[in-house]
Amino acid sequence: MHGDSDRDLARLYLERALPRRWRHVQGVARRAEAVAGHLDDGELLVTAAWLHDIGYAPELAETGFHPLDGARALRELGVGARLWGLVAHHSAAVHEAQALGMADELDEFADERGLVRDLLWFFDMTTSPDGGPVTFAQRMADIRDRYPPGHYVIRSLGPSLHDRRAAVERAGRWLHAVGLDPRCP
Ligand SMILES: [Fe+2]
C-alpha cells in the first residue's frame, strides 16, 4: 500500500457513508504526513493514519467493533501485518475489546508498541471528529460528550486513560525532540 492508494481506499469506504469520520481521518493523515519524513517507518505511519478507522465503514462492520473489523478487512486485502496490528490496537482499543468481551479476537493481532504506534495514537487522540487539532484533554472530553453513559467506549475510557496518556506523552516528547510542533499542521 502506498500513498495515494491508502487515501483512495479510505475515501472509498468513508467519504460518502461517514463524512464526519472521513474529515477526522483526513486530519489524522495530514498530520502523519507532516512528520513522516522524520522517521524510518513514516510511510507505514501514513498508511495506518489513512486506514485506522476504515472498520467503521458499513460494508466492513462485521462485529461492530471498528478496530477489529478494520484490521480483519486489511488482513483479507493481504497488506502488511504491522498495519493490521496498528489498526487493531489503535488508541487503546484493547480496553474497549475487554469491555465488549472481544479481547480474544483482538489478540489475533499484535500491538507492536513503539514510535509509529505512539504517533498514530497521538494524532488520533489529538484530532477532533471534524479533523482539526485539539488537545488530548479536549478529545477525551468530546468522547465523554458523544457517547451515552454505559456505552462500551465510556466504560473503557477510565481503564484506558493511563495507556492513552502515556502514548500521547511519549509521542509528544519525540515530536518536541525532533523540533516539530505537536499541534501542526
Ligand atoms: Fe478509531
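This report describes selected parts of a predicted model, starting with its metal site.

## The iron site

Three protein residues serve as donors to the iron ion: Asp-53 through OD, His-66 through NE2 and His-90 through NE2. These donors lie 2.0 to 2.3 Å from the ion. Along the chain, the donor residues follow the spacing D-x12-H-x23-H. His-66 belongs to helix α4, which covers residues 66–77, while His-90 sits in the loop between α5 (81–89) and α6 (93–100), so this pair ties together parts of the chain that are 24 residues apart in sequence. His-66 and His-90 are both buried.

## His-52, beside a donor

His-52 is found in the loop that runs between α3 (42–51) and α4. Its relative accessibility is 0%, and the cut-off for a buried residue is under 20%, so His-52 counts as buried.

Two polar contacts of the His-52 side chain can be described. One joins the His-52 side chain to the side chain of Asp-53, at 3.2 Å. In the other, the His-52 side chain reaches the backbone oxygen of Ala-49 at 2.8 Å. Setting aside neighbours within four places in sequence, His-52 is in contact with His-24, Val-25, Val-28, His-66, Val-87, His-90, Leu-120 and Asp-124. Two of the iron donors, His-66 and His-90, are thus on the contact list of His-52.

## The loop between α5 and α6

Ser-91 and Ala-92 lie in the loop between α5 and α6. This loop also holds the iron donor His-90. Most residues other than glycine have a negative phi. Ser-91, which is not a glycine, has a positive phi of about 55°. Ala-92 also has a positive phi, near 65°.

Are these two residues buried or exposed? Ser-91 has a relative accessibility of 6% and counts as buried. Ala-92 is buried too, with a relative accessible area of 1%.

## Helix α8 and its cover

Helix α8 spans residues 115–125, and 10 of its 11 residues are buried, so the helix is largely enclosed by the rest of the structure. The buried residues are Val-116, Arg-117, Asp-118, Leu-119, Leu-120, Trp-121, Phe-122, Phe-123, Asp-124 and Met-125. The cover over them includes α2 (19–35), α3, α5, α9 and α10.

Two of these buried residues, Leu-120 and Asp-124, are in contact with His-52. Asp-124 is also linked to Arg-139, as described next.

## Arg-139 in helix α9

Arg-139 is part of helix α9, which covers residues 136–146. Although arginine counts as a charged residue, Arg-139 is buried, with a relative accessible area of 7%. What lies 2.9 Å from a polar atom of the Arg-139 side chain? The backbone oxygen of Asp-124 does.

Apart from residues up to four places away in sequence, Arg-139 touches His-24, Asp-124, Met-125, Thr-127, Ser-128, Pro-129, Val-134 and Arg-146. Among these, Asp-124 and Met-125 are buried residues of α8. His-24 and Asp-124 also appear among the contacts of His-52.

## Packing of α6 against α10

Two packed helices are described by the angle between their axes and the distance between the axes. For α6 and α10, the angle is about 145° and the axes are 8 Å apart. The crossing of α6 past α10 is right-handed.

On the α6 side, the contact is made by His-95, Glu-96, Ala-99 and Leu-100. On the α10 side, the residues are Tyr-152, Val-153, Arg-155, Ser-156, Pro-159, Ser-160, Asp-163 and Arg-164. By type, the residues of this contact divide into five nonpolar, three polar and four charged.

## Two partly exposed residues

Gln-98 is located in helix α6. With a relative accessible area of 48%, Gln-98 is partly exposed. Gln-98 and Leu-60 are 38 residues apart along the chain, and their C-alpha atoms are separated by 21 Å.

Ile-154 lies in helix α10, which covers residues 152–177. Ile-154 counts as partly exposed, at 22% relative accessibility. Leaving out residues up to four places away in sequence, Ile-154 touches Ile-143, Arg-144, Tyr-147 and Pro-148. Ile-154 and Val-46 are 108 residues apart in sequence and, from C-alpha to C-alpha, 28 Å apart in space.

Conventions
Residues numbered from 1 in each chain as written. Predicted model: local features only at pLDDT ≥ 70, side-chain atom pairs only at ≥ 80, totals over all residues. Heavy atoms only, no water. Helix = DSSP H or I, 4+ residues; strand = E, 2+ residues; numbered from the N terminus. Buried < 20%, exposed > 50% of the residue type's maximum accessible area, 1.4 Å probe, protein only. Contact = heavy atoms within 4.5 Å. Donors = N, O, S within 2.8 Å, 3.2 Å for Na, K, Ca; no water. Polar contact = N/O pair within 3.5 Å; in protein donor to acceptor, adjacent residues only side chain to side chain. Axes fitted to C-alpha atoms, helices over the stretch in contact; angles between N-to-C directions. Left-handed = near helix turned anticlockwise from the far one by under 90°.
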